[in-house]
Amino acid sequence: MPKQIKDPVHGYIEVPTPLVPLLDTEAVQRLRYIKQLGFIYLVYPGANHTRFEHSLGAMHLASLLARQLDLSRDDTFLVCAAALLHDIGHGPFSHASERLRAEYGPFSHDEIGPYLITPEISDILEENGTDPKEIAGIVAGNHRLAEIIHGDLDVDRMDYLLRDAHYTGVPYGNLDASRLIQSLVFTGDGLAIKESGVAAAESLLIARTLMGPSVYYHHVGRIAEEMFLLAGRSHFADSTPDSFMRMDDVAGTTLLMNSPSAISREMMHRIWRRDLYKRAVYTGREQLNMDRLSSLRPEEKTRMRRAIAETAGVPEEKIILDIPPIRKEMRMMVQVQNQHDLVAFEEIIPLLSMMNATRQGQWRLGVYAPADVLDKVGDAAREVLSLRRATKQDKLPGTIV
C-alpha cells in the first residue's frame, strides 16, 4: 500500500508502495536527525527541518516530473528512488561535516555507492529490477536521467529552496515549482523548458541568488560552522572522520563535546550555548588582493591565521579566518523550446549574467574571534591582510564591514 505523509510545503506526499521499504531503512531514517541547514538554526530558530523532510519533498517532485515527462514505470521508480536516497551520504550538520571530511581526502556526499551496496537497500532495489549503480549514477550526475536530480532545474534544488524559505521565514526562496515542472520536456539533448515556463525558471535563479547572503552564507551560520570545523580538526588530529560521517547531529555533537581535545570541547559547548565568536573583520572583494587570496593553499591560509594570532597576541584557536571559495557562476544549460526551435537559455534571458555578477559581489572574507579580544584581533587582521581600517562611512546602515 502507498503511504500518505502530510508535508508543510507540498501538502500530502504519496510514497508509492515499492518505495515504502526504502523509506524505513536505517540510511534514510538517519536523515531525520540531520538538520538540512546545519547551523542556520542559530540564525533562524525555525530552521530545524531535516534532510529526511527534504528527501521526501524531492521524491514527491520527482514523481510529478516523471509523470510530466511520461517516463516508464521502471524509470519512474529509478528517479523517485534516487531522489529519496540522494542525501544519504551527508554527515552531521550536512555540508559542515562534508567540508571537514574533504580536508582528509577526496569526498562528496553525492557519492552514495557504498551506502547502496548494503543488503538492506540493495535487496529492495534489486527486487524492483533496479541496479544500485544506476541510482548512484543519477545522484552523481552520470546517467541519462541525472538532470532530474542533478541538473540546472532539478527537483533537489526546487525543494530545498522552497523548504528553506518556509522554515527560515525568508521570502526569497519562493518559486513556482508546479509551473516549472509542467514546462519541462525531454528532447534529444536532454531536458528543455517550454517558453511558457521561462518566468518560473527566472524565479529559481533569483531565489538562488537572494537566498545566498540571507541564509546559506549568513555570517552567524559561517561562524558556527567554522567553530565546528575547528572542533573537528582538533578531535581528528591523529585520525580521519570516516566513521563520523555515518553519525547524525546528536551523535556527532556528543562525540565532540566529550572529546579528549579541550579545543573541541570548548567549541562545541560554545555552539551549544550560542556563545559564538564575533566579526573582527568582515569585508568584500574591493578591499582585498583577490589574486593572492584565490590561489592560497591550505598551509598558506594556516600561516596567515597564525600571523594574525601572533600579531594580536592571542592563542591560535582564538582566531578563525574564513575565506570562502568564490561562488561558482550559475549556468543554465537547459534549452528553451521556442515553437519548433531549441534556443540557448542565455540568448533569451540576460538575467543570468546579472545574477552571477550579484553573486560575486556577495562574497565576504571573515575574521572571527571571542568578544573579549575582538578589537586587537581586528587590528591585527587588517595589518596582516593589508586592509584599510573601516571608516564611519563604511559603517552606515546597509554597508557590510
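**Exercise 1. Find out whether E226 is buried or exposed, and describe its salt bridge with R222.**

Step 1. E226 has a relative accessible area of 3%, so E226 is buried (buried means under 20% relative accessible area, exposed over 50%, partly exposed in between, with a 1.4 Å probe and protein chains only). The model is predicted: local features need pLDDT of at least 70 and side-chain atom pairs pLDDT 80 or more, while totals for chains, interfaces and linings use all residues. Residues are numbered from 1 along each chain as its sequence is written, and side-chain values use heavy atoms, with hydrogens and water left out.

Step 2. R222 is buried as well, at 9% relative accessibility.

Step 3. The closest N and O atoms of R222 and E226 are 4.0 Å apart, and the two residues form a salt bridge (a side-chain nitrogen of Lys or Arg within 4 Å of a carboxyl oxygen of Asp or Glu).

Step 4. Both residues belong to helix α12 (residues 219–235) and lie four residues apart, about one turn of the helix. Helices (H or I, at least four residues) and strands (E, at least two) are DSSP runs, numbered from the N terminus.

**Exercise 2. State how many salt bridges the whole structure has, and locate the partners D75 and R144.**

Step 1. The search of the whole structure gives 20 salt bridges.

Step 2. In one of them, the side chains of D75 and R144 meet at 2.9 Å, N to O. This pair links distant parts of the chain, 69 residues apart: D75 is in helix α4 (residues 73–85), and R144 is in the loop between α8 (132–140) and α9 (155–168).

Step 3. D75 is buried at 14% relative accessible area, whereas R144 is exposed at 54%.

**Exercise 3. Describe the salt bridge of K318 with E266.**

Step 1. The closest N and O atoms of K318 and E266 are 3.8 Å apart. Here too the pair links distant parts of the chain, 52 residues apart, with K318 in the loop between α16 (298–312) and β6 (320–322) and E266 in helix α14 (residues 262–273).

Step 2. K318 is partly exposed, with a relative accessible area of 22%, and E266 is partly exposed, with 28%.

**Exercise 4. Work out which residues meet where α13 touches α14.**

Step 1. On the α13 side the residues are T253, L256 and M257; on the α14 side they are S264, R265, M268, H269 and W272 (contact means heavy atoms within 4.5 Å).

Step 2. By type, the residues of this contact are four nonpolar, three polar and one charged. Ala, Val, Leu, Ile, Met, Phe, Trp, Tyr, Cys and Pro count as nonpolar, Asp, Glu, Lys and Arg as charged, and the others, Gly among them, as polar.

**Exercise 5. Give the order of the three strands in the open sheet, and say which stand at the edges.**

Step 1. The order is β5-β9-β6, and the pairing is antiparallel (two strands pair if DSSP finds at least two bridges between them).

Step 2. β5 (278–283) and β6 are at the edges; each has a single partner strand, so one side of each is left without a neighbour in the sheet.

Step 3. β5 pairs with strand β9 (residues 365–369) over five bridges, in the antiparallel sense. Within these strands, T283 stands opposite L365 in β9.
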